[in-house]
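Dear colleague,

I am handing over the structure that you will be working with, and below it I set out what was found in it. Please read the notes with the structure open beside them.

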Amino acid sequence: MERERWASQWGAILAVAGSAVGLGNFLRFPGYAAANGGGAFMIPYLLALLLVGLPLVWMEWTLGRFGGALGHGTGPGILEAVAKRPGARYIGVIGVFGPFAILVYYTVIEAWTLGYTVFSLTGHVTAAGTGTEAAAFLGAFSGEAPRPDLVNPNWVHAFVAATVLLNLLVIYRGIRGGIEKMCKLAMPLLFLLAIGLLVRTATLGHPFSEDRGFLEGLAFLWTPDMAKLTQPVVWLKASGQIFFTLSIGIGVILTYASYLRKKDDIAFSGLAAAGTNEFAEVILAGMTVIPIAFMYYGAEETARIAANVSGGSTLGFGFVSLPIVFHGLPLGSVISAAWFLLLFIAAITSSVSLAQPCVAFLEDEFGLSRRRATLALGGALVALLVPFSLLWAKGWLEEFDLWTGNVMLILFGLVESIFFGWVLGIDRAWAELHEGARMRVPRIFRFVCKWITPAILIAILAAFAATEWKGVIMLEGKSAEELTIRWIARGLLFATFAAFVGLAWFGARRRARQAGE
Ligand code: PHE
């Protein structure tokens with residue numbers, strides 16, 4: 001069967017940019033930056049972008065196109081082809097399991113953004129004028145603290161179902177007819193909305209207090225608190241954010257790049273997609289979310305909210321704090337609807353990229369039709385979403401995000417950098433990266449890819465294990481109830497991972513049998 005291809009180079013770039021620009025840009029980044037020293041956060045952030053982010057972007061595009069030419073679009077097949085050893089496929093399983101596991105919780109939040117868009121227009125979201133009321137609305141919405149008088153839970157289930165169906169529909173339509181087409185429509189709309197919100201923020205004047213306007217808000221965000229740089233956790237957060245926001249280290253770009261042609265450029269495409277993401281993150285999100293919160297809450301309270309946000313889930317800021325600000329603005333419900341629609345568009349172009357590796361895996365390794373592969377993915381997703389959406393409040397989300405949205409990204413990024421620089425070999429890898437390229441990557445990156453990137457990733461993993469062992473990994477100090485839920489979530493993650501390993505084994509047997517016939 002002929003492998004699918006992107007219709008155009010720009011389509012591929014837009015699709016990867018669509019994957020990268022997501023909830024991470026608009027919810028996670030502003031909170032992390034405000035909580036971790038403002039301008040000081042940008043120092044580790046930019047370093048991580050240069051030394052880990054961009055190198056991994058190029059590595060993934062290269063390995064993905066390389067695998068695609070051999071008929072492999074996901075981690076297991078690609079790593080096996082690079083290493084020419086069957087065992088390598090089992091390391092590659094992270095590149096299918098990881099996106100799937102992120103997809104599970106990403107879909108839930110995506111559904112909330114859809115629901116909040118609708119309920120903004122009806123006036124429900126901005127009806128709350130205080131933190132307690134807005135939090136009660138989120139609690140009712142998420143099912144954490146049901147309040148049928150505020151939100152009928154069936155609505156929420158309906159939004160989740162609609163989100164799942166929409167994603168499956170796009171995937172079912174294929175690379176060109178689904179993902180690429182959607183991104184060509186969605187990305188311009190996303191930028192329009194984001195620029196509109198930025199302009200509105202910048203022209204608000206001083207709506208709540210004489211000394212708190214847009215410029216003061218920017219100054220608050222960008223004034224570096226250098227003392228923060230001595231804390232290892234700030235460096236961890238900055239590198240974790242780079243991985244998450246660029247969609248690297250999890251296998252998503254591997255899959256997208258496998259639909260390129262041999263002569264398609266990857267050096268420039270990778271840079272263009274990453275650049276688009278950074279513009280959306282640092283300029284559009286950074287200059288909107290924090291200044292608007294600052295105008296209402298002031299410096300101390302904003303930092304406190306942000307610290308809560310980045311300490312636990314990343315949701316409070318966007319779902320609770322901002323709606324309260326919108327409540328106090330003229331046409332607040334319209335601004336609120338624009339904000340949540342922006343989030344939804346950003347999210348759906350990311351979630352389809354999380355879904356595609358699974359579908360590609362079933363197609364490539366088992367010869368399933370796209371229709372069957374999409375149905376299988378839908379079934380697996382629903383099977384996990386049901387317990388997840390019933391229980392998330394007590395730490396599911398954090399548990400999934402910790403392992404898949406943080407640890408696995410860095411671990412798999414390390415694996416990829418070793419396969420690029422050492423297993424494929426830096427000479428071949430470098431030549432492969434420049435095949436069909438419109439630009440040359442500065443030579444210094446050869447050295448960075450081979451030595452610096454893997455070394456930094458090893459250091460980050462070691463620092464994570466050393467500093468977070470008790471609290472984050474062993475969950476010391478959590479209540480008995482949360483402990484139970486967290487360990488159930490862990491068990492489920494592990495079982496899902498084992499199931500994917502089993503699938504990879506079956507896939508290998510099937511291929512071997514076919515080769516023998
Ligand atoms: N980059 C996306 C965001 O910023 C999330 C994502 C992570 C998508 C990993 C794909 C892979 O929200």
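A residue is called buried here when its relative accessible area is under 20%, exposed when that value is over 50%, and partly exposed in between. Please also keep in mind that the model is predicted.

By that cut-off R89, with a relative accessibility of 2%, is buried. The side chain of R89 meets that of E80 in a salt bridge, with 2.6 Å from N to O, and E80, at a relative accessible area of 23%, is partly exposed. Side chains of opposite charge can pair when their charged atoms come close. The structure holds 15 salt bridges, and one that links distant parts of the sequence is the pair of E4 and R370, whose closest N and O atoms are 3.1 Å apart. Because E4 lies in the segment before α1 (9-20) and R370 in helix α16 (residues 370-391), this pair ties together parts that are 366 residues apart in sequence. Both ends of the pair are partly exposed, E4 with a relative accessible area of 23% and R370 with a relative accessibility of 27%. A further salt bridge joins the side chains of R261 and D264, at 4.0 Å from N to O; here R261 is partly exposed, with a relative accessible area of 28%, whereas D264 counts as buried at 10% relative accessibility. Salt bridges with shared partners also join E80, R89, E365 and R511 into one network.

Turning to the ligand, you will find 15 residues around it, and the closest are A20, L23, G24, Y106 and F244. Three of the contacts with the backbone can be described atom by atom. A polar backbone atom of L23 is 3.0 Å from an oxygen atom of the ligand, and a backbone N or O atom of G24 lies 2.8 Å from an oxygen atom of the ligand. In the case of F244, a polar backbone atom is 2.8 Å from a nitrogen atom of the ligand. Of the 320 Å² of accessible area that the ligand has on its own, the protein covers 100%.

On the surface, I418, W422, V423, F447 and W451 form a nonpolar patch, which together has about 490 Å² of accessible area. The elements that give two or more residues to this patch are α17 (396-423) and α19 (444-473), and α17 gives the most, with 3 residues. V423 is found in helix α17 and is partly exposed, its relative accessible area being 37%.

As for the cysteines, a disulfide is a covalent bond between the sulfur atoms of two cysteines. The structure holds 0 disulfides; C358 is in none, and the nearest cysteine sulfur, that of C183, is 18 Å away. C358 counts as buried at 7% relative accessibility, and C449 is likewise buried, with a relative accessible area of 2%.

One last polar contact may help you find your way in the interior. T117 lies in helix α6 (residues 94-121) and is buried, with a relative accessible area of 10%, while a polar atom of the T117 side chain lies 3.5 Å from the backbone oxygen of F340.

With best regards

Methods: Residues numbered from 1 in each chain as written. Predicted model: local features only at pLDDT ≥ 70, side-chain atom pairs only at ≥ 80, totals over all residues. Heavy atoms only, no water. Patch = residues over 30% accessible without salt bridge, like charges linked within 9 Å, V, L, I, M, F, W, Y side chains within 5 Å. Areas by Shrake-Rupley, 256 points an atom, 1.4 Å probe, with all protein chains shown as cover. Helix = DSSP H or I, 4+ residues; strand = E, 2+ residues; numbered from the N terminus. Buried < 20%, exposed > 50% of the residue type's maximum accessible area, 1.4 Å probe, protein only. Near = heavy atom within 4 Å. Polar contact = N/O pair within 3.5 Å; in protein donor to acceptor, adjacent residues only side chain to side chain. Disulfide = S-S within 2.5 Å.
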